[in-house]
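User: Could you take a close look at one helix in this model for me, both ends and both faces? I'd like to hear how it ties in with the rest of the chain, too.

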Amino acid sequence: MPSYDDDLPTQQEEYILKQLVDNVEQHERIQALIELKNLIIGSKRCKIAFYHVGILEILYNLLKEYTSTININILIEILDCISSFAKSNNKNLLNHLIELGFIEQILILLTIQIDSNHFYESCLRCLRSFFLSKIFSNPYLTPIPFRLLYDENKHETITFISQRENFLLNDNYFPVDILFENSQTLNIFHRLLSISKSTQISIIEILCCLCINNERQNQIVEKDFIEPIMHLLVENIFYNNKINLVSLANEYLIGVCLKFFCSICYENVAVAQRLQTTISTKTNQTLCEIISNLLNKINRPVIISYYASKFFVNLCKTKVLSCDDSHISHKSLTTLIHLCTKSIINKCIYLYIACLDTLIYLLNGNSTLHHLAMYTEQLLTKLFSYLFTPNKIFDENIDETILIKIRSSALTLLAVLASHHEDIKKRIADQENLILTAIECYHSPHLSLQLASLCLFHGLSRSVHQLRTTFNDTICDILLDAIKSSDLHLVKIASSVISNSVLEFSTCRTRLLSGGILNILLSFLTHPDHELSINGIWALRNLSYLSTLKIKQDIINGLTIDRIYSLLEQCTDERFLICLLSLLRNIFNERDTEALLPMFNSAKLLTTLQSMSEKNYSEEIYREINLLIDHINSINNSSQQRSTSDSVNPSCRTSLFPEYACDEMDQLDCS
């Protein structure tokens, strides 16, 4: 028997290959396929060994051969083998499956009119395996990139489409694209939806995986899947005075239906609005009322509770429901917290992680829910346990990567909770060993822990008190290290923390400056990543507030006068322009005006600002321009009283999103 790493077939496996290739009797071929299936299910070694000797080509040829003769029994065995291979995490194997055209061939099989539910069920289970693979997972169903938001930040649709792996040789090989290339795919699914519960589960799970962006979501909605899937949801719930779930099969189907409604409305306002107003003809209840009923009982199956909660979270994040709606504040939030802290599911670590990530998504930017989430110490206590001692909660044999994931999710949720209210910030920051653990996490080799650590520092950096007490030289050194990282995600979050940490009252300011932060921030202004360039000018603006004359001169020399004029005249990004105008106001404060204004030529600066005031800008831009004009005029006319709002101080700083007011440290958007 070869070793696990040899990736070569054994003598028995070679015999099976021979039976598949040679011209043998039908019953022998079926037996060979059954033996192949039994060997590869759950065996990474067997899958790789067979892959290396060309099993995929053999199966593809057999699939085409028996499609033409429609031999159902053999086709079902072939499909079961393909399904097992499609569940592999080997990128090359999966890529080759797709390149050979297995998905297209399965779609052809689904168009054949055959009186066999078992056949269609096998086809759909096989097709579903391609989409449930971790490599081709739908980012709408998996954790999304984290951004630390504030309440006044308007909703912004996430622009990424999918997390395609670089190993794909051709974008057309991406499974979702292949399905949509065939205009009849959704019609086929619609036709097969009523065959059996097995086909319903497979089709709905595939549809969930197809919701990779708003365009795909809309295409599915246009094919009228919402009503029949809502009907499936309703008919699998027995209505009496209260809801009772009938069987395990029904529970699973209900969970899949709920997952569909979660994925179809994710970050899609139009679909979310439609779901909110959709009414069941059978019960005369809205979809929201039907799903809300599933959250009424505390002992509801955990998967159903999770997806029912997630549905309302997605409606909230599209602003279809407000965060103080009872579906959110009294049902979804409390259910998710209950699931996170429920001891009975200690073995279901994946559900814990999913609940934590959904809470992060809900609470990030909805600070009115933070105190409600912290109503008891239960959530915080559990989060600290996940972060400090996960091994004591879960099975000691749990894979390290899973423990890392739950630690990073717990730390990120703490970061979100610490991002707004001062009392919550203090409660979290004062937890024994938290800051030391966050520092440890940053120095770990795992990117997710590093990012979570920086997110926590970002949340805390939005507090004057925390900047003065918690932030020390070690954290400054971490920020200086992260800002020079080759990983853009680390750099962007570090730049957000630094933007707060360079303020005049921060203990970090001097150390960051001695570490060369000014030149780094200046370099960000020309960085191809737009958000990083915004963070760069934002940090320079904060650095200029109540700075020494030398720091202001260094900022001006780094930017150069010519470049400042060029940006004033040509910049079309209002966020960048607001920061630049605020930066100039900070530079021209009372004590330094005489030394710095002549560098700009006040007459030229006034002409430029007056020209800007005639352009079509937002009110916030006009406000900044007029304040600067008034300030310069007051300097030129010593008898005129100066404006009292000449510098942008910490209590009146303008928000990154000018149409919304912000409080003390809300100006940053962590990307």
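Analyst: Let's start at the N-terminal end of α12, which is capped by Asn213: a side-chain oxygen of Asn213 sits 3.2 Å from the backbone nitrogen of Glu215. Bear in mind that this is a predicted model. The helix itself covers residues 214–222, and just after α12 comes Asp224, with a positive phi of about 60°.

Now for the faces. Arg216, Gln217, Ile220 and Val221 are the buried residues of α12. Looking down the helix axis, you'll find those buried residues within an arc of 140°, so they line one face of α12. Turned away from that buried side is the face with Glu215 and Glu222, both exposed. So Glu215 turns up twice here: its backbone nitrogen is the partner of the Asn213 cap, and the residue belongs to the face pointing away from the buried side, a reading that rests on exposed meaning over 50% relative accessible area.

Back on the buried side, Arg216 is the one to follow. Arg216 pairs with Asp177 in a salt bridge, with 3.4 Å between the closest N and O atoms. That pair links distant parts of the chain, as Arg216 belongs to α12 and Asp177 to helix α9 (residues 175–181), 39 residues apart. Neither partner is out on the surface side of the cut-off: Arg216 and Asp177 are both buried. The Arg216 pair has company, as the structure holds 19 salt bridges. Another one is Arg575 with Glu531, whose closest N and O atoms are 2.9 Å apart, and there too both residues are buried.

Conventions: Residues are numbered from 1 along each chain as its sequence is written. This is a predicted model: local features need pLDDT of at least 70, side-chain atom pairs count only at pLDDT 80 or more; totals for chains, interfaces and linings use all residues. Side-chain values use heavy atoms; hydrogens and water are left out. Buried means under 20% relative accessible area, exposed over 50%, partly exposed in between (1.4 Å probe, protein chains only). Helices (H or I, at least four residues) and strands (E, at least two) are DSSP runs, numbered from the N terminus. The arc is that of the directions from the helix axis to the C-beta atoms. A polar contact is a pair of N or O atoms within 3.5 Å; within protein, one must be able to donate a hydrogen and the other to accept it, and residues adjacent in sequence count only if both atoms are side-chain atoms. A salt bridge is a side-chain nitrogen of Lys or Arg within 4 Å of a carboxyl oxygen of Asp or Glu.
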